[in-house]
Amino acid sequence: TARDSQFVHDLHDAHGHDPQVAAWLSIVHHADATAGSTPPEAAVEHLASDLVSRPHVIPSLVVGQRLAPDASLLRLLRRALNRATPDLLHSPHGQMLCEAMAELAMLAEDNADALRWAHRGLRIQPYSAKLALILSQVEDDLAVGPPARHVLAEVARKHPQYVDVTAALIRRENRDGQTDRARLRLSHWLERQPDHPIATALIRPRRGPRRTE
């Protein structure tokens with residue numbers, strides 16, 4: 001789209017000298033070209049090979065999709081990363097792969113796949129704030145992994161300075177019916193930081209709360 005093209009153009013002008021950005025741009029241009037002129041499997045194979053050889057660009061590709069979503073490129077990225085998984089999952093880049101796949105699944109509104117990848121990544125790094133926050137946005141499936149509130153509680157205990165995780169934990173506990181626990185946790189937070197904007201925002205009820213059965 002024109003908006004996406006402008007985003008890529010602006011990124012090139014502002015940060016094209018950065019090797020990581022330059023690599024990201026080259027992959028995007030390659031993906032755009034192959035997606036329209038070669039069979040899908042060939043495009044997936046080409047991009048998967050690029051990502052295996054340059055895994056450091058994967059987070060930039062995810063950020064690019066977050067800032068300038070493109071449904072066809074998103075599908076291509078997810079398929080290519082799935083193809084690259086055997087090469088990357090058990091490498092030093094395995095955690096990064098899981099975080100990227102979970103976030104791309106969320107962008108694709110594929111919550112079940114986001115859940116699977118988040119728990120897969122948490123088996124590598126149990127205290128990943130990024131994956132805990134992704135779990136906070138999806139429904140639990142005990143056949144896949146423990147409840148989101150348990151994961152969030154462990155990450156919050158390990159990293160009490162991550163206020164976004166603590167806030168997500170309070171919201172999730174409240175949503176899961178653990179209202180007394182959520183109130184107590186918020187009360188303790190406010191005792192420590194009575195003017196913290198995130199903590200005080202949690203006091204105010206959200207509009208249109210989701211009903212639970």
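The following dialogue explains how to read several features of this structure.

Colleague: What kind of model is this, and how are its residues numbered?

Modeller: This is a predicted model, in which local features need pLDDT of at least 70, side-chain atom pairs count only at pLDDT 80 or more, and totals for chains, interfaces and linings use all residues. Residues are numbered from 1 along each chain as its sequence is written, and side-chain values use heavy atoms, with hydrogens and water left out.

Colleague: How many helices and strands does the protein have?

Modeller: Helices (H or I, at least four residues) and strands (E, at least two) are DSSP runs, numbered from the N terminus. The protein has 12 helices and zero strands. Along the sequence, the pattern reads α-α-α-α-α-α-α-α-α-α-α-α.

Colleague: What share of the residues counts as buried?

Modeller: A residue is buried under 20% relative accessible area, exposed over 50%, and partly exposed in between, with a 1.4 Å probe and protein chains only. Of the 213 residues of the protein, 41% count as buried. As for contact, the term means heavy atoms within 4.5 Å. Among contacts between residues at least 6 apart in sequence, 58% join residues at least 24 apart.

Colleague: How should a single helix such as α7 be read, and what should its 14 residues span?

Modeller: An α-helix has 3.6 residues a turn, so residues three or four places apart point the same way. The expected span of a helix is 1.5 Å times one less than its number of residues. For α7 (residues 111-124) this gives 20 Å, and the end C-alpha atoms are 20 Å apart, which agrees. The buried residues of α7 are D113, A114, L115, W117, A118, H119, G121 and L122. Their cover includes α5 (71-88), α6 (94-107), α8 (129-135) and α9 (148-158).

Colleague: How is the packing of two helices described, and at what angle do α3 and α5 pack?

Modeller: Two packed helices are described by the angle between their axes and the distance between the axes. Axes are lines fitted to C-alpha atoms, for helices over the stretch in contact, and angles run from 0 to 180 degrees between N-to-C directions. Angles under 35 degrees count as roughly parallel, over 145 as roughly antiparallel, 65 to 115 as roughly perpendicular and the rest as oblique. Helix α3 (residues 40-53) packs on α5 at about 50°, with the axes 8 Å apart. The two helices α3 and α5 are therefore oblique to each other. A crossing is left-handed if the near helix is turned anticlockwise from the far one by less than a right angle, and right-handed if clockwise. That of α3 and α5 is right-handed. Residues in this contact include A43, V44 and L47 of α3, and L76, L77 and A80 of α5. By class, the contact of α3 with α5 has 13 nonpolar, no polar and five charged residues. In these classes, Ala, Val, Leu, Ile, Met, Phe, Trp, Tyr, Cys and Pro count as nonpolar, Asp, Glu, Lys and Arg as charged, and the others, Gly among them, as polar.

Colleague: Is A43 buried or exposed?

Modeller: A43 lies in helix α3 and, at 2% relative accessibility, counts as buried. The C-alpha atoms of A43 and L77 are separated by 9.9 Å, although these residues are 34 apart along the chain.

Colleague: How are α4 and α6 oriented relative to each other?

Modeller: Helix α4 (residues 58-67) packs with α6 at about 15°, the axes being 10 Å apart. Helices α4 and α6 are therefore roughly parallel to each other, and α4 passes α6 in a left-handed crossing. Here I58, P59, V62, Q65 and R66 in α4 meet M96, A100, E103, L104 and L107 in α6. By class, this contact has seven nonpolar, one polar and two charged residues. A100, in helix α6, is buried, with a relative accessible area of 5%. A100 and P59 are 41 residues apart in sequence and 6.5 Å apart in space, C-alpha to C-alpha.

Colleague: At what angle do the axes of α10 and α11 cross?

Modeller: The axes of α10 (residues 163-175) and α11 (residues 179-192) come within 7 Å and cross at roughly 150°. That makes α10 roughly antiparallel to α11. The crossing in which α10 passes α11 is left-handed.

Colleague: Which sign does the phi of E109 have, and where is this residue placed?

Modeller: Most residues other than glycine have a negative phi. E109 has a positive phi of about 60° although E109 is not a glycine. E109 is in the loop between α6 and α7 and is exposed, with a relative accessible area of 71%.
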